[in-house]
Amino acid sequence: MVRVAGMRGRQTVRGMFQSLGVILVAAGVMYLFIPHDESAEPVKGKDYRVELLTAQRAAPYPVLAPEGLGEGWKATVVSYKRENADAWQLGFLSPDTQYVAIHQSTAAPKSFVPDVTQRAKNTGRTETVAGRVWQRWEGPKYDALVRVDGGATTVVTGTASFERLTEMAGSLRSKKA
């Protein structure tokens, strides 16, 4: 009896190593034949002109979008939701691969701003950008510049530095459709 149990244990260990070998060979084959180009651009920019035009026509406030941003900015997220307090969102990847987004809404600023900034808090400080005064908010995940004007709250937020947030805020323009 003891002899059979000992052989069965060796067979189990040998079977485990054989299975592991098969898995490693399969993983190596997949790695070789599945294309992976590290030099390829990982994020493709979105064309947001149609959504911007739609939002500008539908929103009860001047919808903002950047003009004249430097090289390397890529739009990644765009949406307008009339049923959600006329919420406009336009997100970008900055040249230094940080996230920067413009959010606008007619929702109450007390709930809207903490929601889109991932719980950032008003620091009580302000910053003047392109002649407009913005509140400075800081948070554990996102920092933000916030303005309430024209019947809407505008938030420029993201993982980027305040320098990048200021660059975005300074580029914002409105064209009523």
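# Exercises on a predicted model

Arg136 sits over the face of Phe162, 3.6 Å from the ring centre. The model behind these exercises is predicted.

## Exercise 1: Arg136 and its partners

Task: Describe the surroundings of Arg136, starting from the ring of Phe162.

Solution.
- Step 1. Take burial. Arg136 has a relative accessible area of 18%. The cut-off for buried is under 20%, so Arg136 counts as buried.
- Step 2. Look for an acidic partner. The side chains of Arg136 and Glu127 form a salt bridge, 3.0 Å from N to O.
- Step 3. Widen the view. Arg125, Glu127, Arg136 and Glu138 are joined in a network of salt bridges.
- Step 4. Turn to the ring. Phe162 is one of the buried residues of helix α4.

Arg136 thus has a ring contact with Phe162 and a salt bridge with Glu127.

## Exercise 2: The cover of helix α4

Task: How many residues of helix α4 are buried, and which are they?

Solution.
- Step 1. Set the range. Helix α4 spans residues 162–171.
- Step 2. Count. Of its 10 residues, 7 are buried, and the helix is mostly covered.
- Step 3. Name them. The buried set is Phe162, Arg164, Leu165, Met168, Ala169, Gly170 and Ser171.
- Step 4. Set this against the whole protein. There, buried residues account for 34% of 177 residues.

## Exercise 3: A second arginine over a ring

Task: Which ring does Arg147 lie over, and which residue meets its side chain in a salt bridge?

Solution.
- Step 1. Find the ring. Arg147 lies over the face of Trp134, at 5.6 Å from the ring centre.
- Step 2. Find the salt bridge. The side chain of Arg147 meets that of Asp149, at 3.1 Å from N to O.
- Step 3. Check exposure. Arg147 is buried, with a relative accessible area of 14%. Asp149 is partly exposed at 44%.

## Exercise 4: Salt bridges in total

Task: What is the count of salt bridges, and are Asp47 and Arg49 each partly exposed or exposed?

Solution.
- Step 1. Recall the principle. Side chains of opposite charge can pair when their charged atoms come close.
- Step 2. Count. The structure has 7 salt bridges.
- Step 3. Pick one. Asp47 and Arg49 meet through their side chains, at 2.5 Å from N to O.
- Step 4. Compare with the cut-offs. Arg49 is exposed because its relative accessible area of 60% is over 50%. Asp47 is partly exposed, with 48%.

## Exercise 5: The aromatic cluster

Task: Work out which residues form one aromatic cluster, and where they lie in the chain.

Solution.
- Step 1. Search the whole structure. There are 3 aromatic pairs.
- Step 2. Take Tyr48 and Phe92. Their ring centres are 5.8 Å apart and their planes stand at 85°, so this pair is edge-to-face. Tyr48 is in the loop between α1 and α2, whereas Phe92 is in strand β3. The two are 44 residues apart, so the pair links distant parts of the chain.
- Step 3. Take Trp73 and Phe92. This pair is edge-to-face too, with 6.3 Å centre to centre and 80° between the planes. Trp73 lies in the loop between β1 and β2, 19 residues from Phe92.
- Step 4. Check burial. Tyr48 and Phe92 are buried. Trp73 is buried as well.
- Step 5. Join the pairs. Phe92 belongs to both, and Tyr48, Trp73 and Phe92 make one cluster.
- Step 6. Add a neighbour of Tyr48. The C-alpha atom of Val77 is 8.5 Å from that of Tyr48, with their positions 29 residues apart along the chain. Val77 is in strand β2. Val77 is partly exposed, at 28%.

## Exercise 6: The annotated segment and a nonpolar patch

Task: Which residues does the UniProt annotation "transmembrane region" cover, and which residues form the nonpolar surface patch?

Solution.
- Step 1. Read the record. The unreviewed UniProt entry places the "transmembrane region" at residues 12–34.
- Step 2. Inspect the fold there. This stretch is 96% helix and 0% strand, and its end C-alpha atoms are 33 Å apart.
- Step 3. List the patch. Val13, Met16, Phe17, Leu20 and Leu24 form it, with about 520 Å² of accessible area together.
- Step 4. Place one member. Leu24 is in helix α1, residues 2–33. Leu24 is exposed, at 57%.
- Step 5. Recall helix geometry. An α-helix has 3.6 residues a turn, so residues three or four places apart point the same way.

## Exercise 7: The overall order

Task: How many helices and strands does the protein have, and in what pattern?

Solution.
- Step 1. Count. There are 4 helices and 9 strands.
- Step 2. Read along the sequence. The pattern is α-α-β-β-β-β-α-β-β-β-β-α-β.

Conventions. Residues are numbered from 1 along each chain as its sequence is written. This is a predicted model: local features need pLDDT of at least 70, side-chain atom pairs count only at pLDDT 80 or more; totals for chains, interfaces and linings use all residues. Side-chain values use heavy atoms; hydrogens and water are left out. Buried means under 20% relative accessible area, exposed over 50%, partly exposed in between (1.4 Å probe, protein chains only). Patches are made of residues with over 30% relative accessible area and no salt bridge: like charges are joined within 9 Å, nonpolar side chains (Val, Leu, Ile, Met, Phe, Trp, Tyr) within 5 Å. Accessible areas come from the Shrake-Rupley method with a 1.4 Å probe; for residues, only the protein chains shown count as cover. A salt bridge is a side-chain nitrogen of Lys or Arg within 4 Å of a carboxyl oxygen of Asp or Glu. Rings of Phe, Tyr and Trp (its six-membered ring) pair if their centres lie within 6.5 Å; planes under 30 degrees apart count as stacked, over 60 as edge-to-face and the rest as tilted. A charge sits over a ring if NZ of Lys or CZ of Arg is within 6 Å of the ring centre and within 35 degrees of the ring normal. UniProt positions are given in the numbering used here, feature names are shortened, and annotations may be inferred rather than shown by experiment.
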